[in-house]
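Reader: I would like to learn how to read this fold step by step. Could we go through it together, beginning with the overall picture?

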Amino acid sequence: MGRLSALVILAATIDRVDRLRGIEGYWSSQASTFDEEPDHGLTDPDVRLAWAARLGEWIPPEAIRVADLGCGTGSLSVLLAEAGLEVIGVDASPAMLERARAKAQTLGVTVEFALGDAADPDLADGLFDVVLSRHVVWTLADPIAALVRWARLLTQDGRLVLVEGRWFDPSRGSAEGIGMPWDGGVSAEDLMTALHPLFERIDHHPLSDDTALWGKTVTDERYAVVATEPTTTQAT
Ligand SMILES: C[S@@+](CC[C@H](N)C(=O)[O-])C[C@H]1O[C@@H](n2cnc3c(N)ncnc32)[C@H](O)[C@@H]1O
């Protein structure tokens, strides 16, 4: 390798480490209160049941291996493990992962939780029946690159399940923004446009009216997209 190439790789690595450190700092500061939202902690049995039912609709019974990218406190990872799936959860925040591991232990399920970059995880291509990510793409520095990478993780029959929303408009001066391209969330229309080159089929599931999922009434746009027939998978 030439000296210039080595320097370019080094610069990219330093950039990635810096970026992950920023993500880690922000989300670790949220970890202690994160599960207080009903849809985060899933401590209300009705909310938990509502998520289990939706995941059961989106994930086919023959699925075995799931990657939960940006798994946070692991609520969905654990729910899927309870349903018998083999789950690996990846997150950049040790504080979030600590809670995720404790949750799995309390419920007596096995989930592999790994510290890492959800946007470009250290996972093999073509291995996952399902790549799941909830409320994460809006936090990413390059969400399109992440979607491309996630599509490549899938088996030929695999599917990408994204649960997302458009919660606020950062141009209106909200203090909640974290300065990313999809700050405030991404509309289903924009997310589906980004997914179109990567999948033959994309199904949109509006979720705003399903109060059981959120434990309250919501007025913003919330939805899932389930993308199947990836065009970019590795041969398995
Ligand atoms: C809004 S939380 C969602 C957590 C979880 N998916 C859920 O629905 O409960 C966003 C999570 O994504 C993680 N995250 C954001 N960007 C990440 C990245 N590039 N690599 C790893 N984790 C990331 C954060 O640490 C945080 O735990």
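Author: Gladly. A word on the yardstick to begin with: the radius of gyration is taken over C-alpha atoms, and the globule rule is 2.2 Å times the number of residues to the power 0.38. Please keep in mind that this is a predicted model.

Reader: What radius of gyration would a compact globule with 236 residues have, and what does the chain have?

Author: The rule puts a compact globule of 236 residues near 18 Å, and the chain has 17 Å, so the two agree. Along its principal axes, the C-alpha trace spans about 60 × 45 × 40 Å. Of the 236 residues, 36% count as buried. Among contacts between residues at least 6 apart in sequence, 69% join residues at least 24 apart.

Reader: How many helices and strands does the chain have?

Author: There are eight helices and seven strands.

Reader: How should I read the sheet, and what is the strand order?

Author: Here is the general idea: strands of a sheet pair through backbone hydrogen bonds, either parallel or antiparallel. In this model the seven strands form an open sheet in the order β3-β2-β1-β4-β5-β7-β6, and the pairing is mixed. The edges are β3 (112-115) and β6 (199-206); each has a single partner strand, so one side of each lacks a neighbour in the sheet. From one strand to the next, the twist averages 20°.

Reader: Do β1 and β4 run parallel or antiparallel?

Author: Strands β1 (residues 65-69) and β4 (residues 128-134) run parallel and are joined by three bridges. To see one on screen, pick Val66, whose bridge partner in β4 is Val130.

Reader: Which helices should I look at against the sheet?

Author: Try α5 (residues 94-107), which lies across β2 (86-91) and β3, running at about 170° to β3. Helix α7 (residues 188-195) also packs on the sheet, where it touches β5 (154-166), β6 and β7 (221-230), and its direction makes about 15° with that of β7.

Reader: And how do I read the buried side of a helix?

Author: An α-helix has 3.6 residues a turn, so residues three or four places apart point the same way. In helix α6 (residues 143-153), the buried residues are Pro143, Ala146, Leu147, Arg149, Trp150, Ala151 and Leu153. These buried residues pack against β1, β4, β5, α7, β6 and β7.

Reader: Is Asp68 buried or exposed?

Author: The cut-off helps here: a residue is buried if 20 or more other C-beta atoms lie within 10 Å of its own. Asp68 has 31 within that distance, so Asp68 is buried. Asp68 sits in strand β1. Leaving out residues up to four places away in sequence, Asp68 touches Leu76, Ser77, Val87, Gly89 and Leu132.

Reader: Where is Gly116 found, and how does Gly116 count?

Author: Gly116 is in the loop between β3 and β4. With 17 C-beta neighbours inside 10 Å, Gly116 counts as partly exposed. Beyond its neighbours within four places in sequence, Gly116 is in contact with Val90, Ala92, Pro121 and Asp122.

Reader: Which residues come nearest to the ligand?

Author: Of the 20 residues around the ligand, Trp27, Gly70, Gly72, Ala92 and Arg134 come nearest. Helices α1 (3-34) and α4 (75-82) each supply at least two residues of the shell. By residue type, the shell divides into 10 nonpolar, seven polar and three charged.

Note on methods
Residues are numbered from 1 along each chain as its sequence is written. This is a predicted model: local features need pLDDT of at least 70, side-chain atom pairs count only at pLDDT 80 or more; totals for chains, interfaces and linings use all residues. Helices (H or I, at least four residues) and strands (E, at least two) are DSSP runs, numbered from the N terminus. A residue is buried if 20 or more other C-beta atoms lie within 10 Å of its own, exposed if 12 or fewer, and partly exposed in between; C-beta atoms are placed from the backbone. Two residues are in contact if their C-beta atoms, placed from the backbone, lie within 7 Å. A residue is near a molecule or strand if its C-beta atom, placed from the backbone, lies within 6 Å of it. Ala, Val, Leu, Ile, Met, Phe, Trp, Tyr, Cys and Pro count as nonpolar, Asp, Glu, Lys and Arg as charged, and the others, Gly among them, as polar. Two strands pair if DSSP finds at least two bridges between them. Axes are lines fitted to C-alpha atoms, for helices over the stretch in contact, and angles run from 0 to 180 degrees between N-to-C directions.
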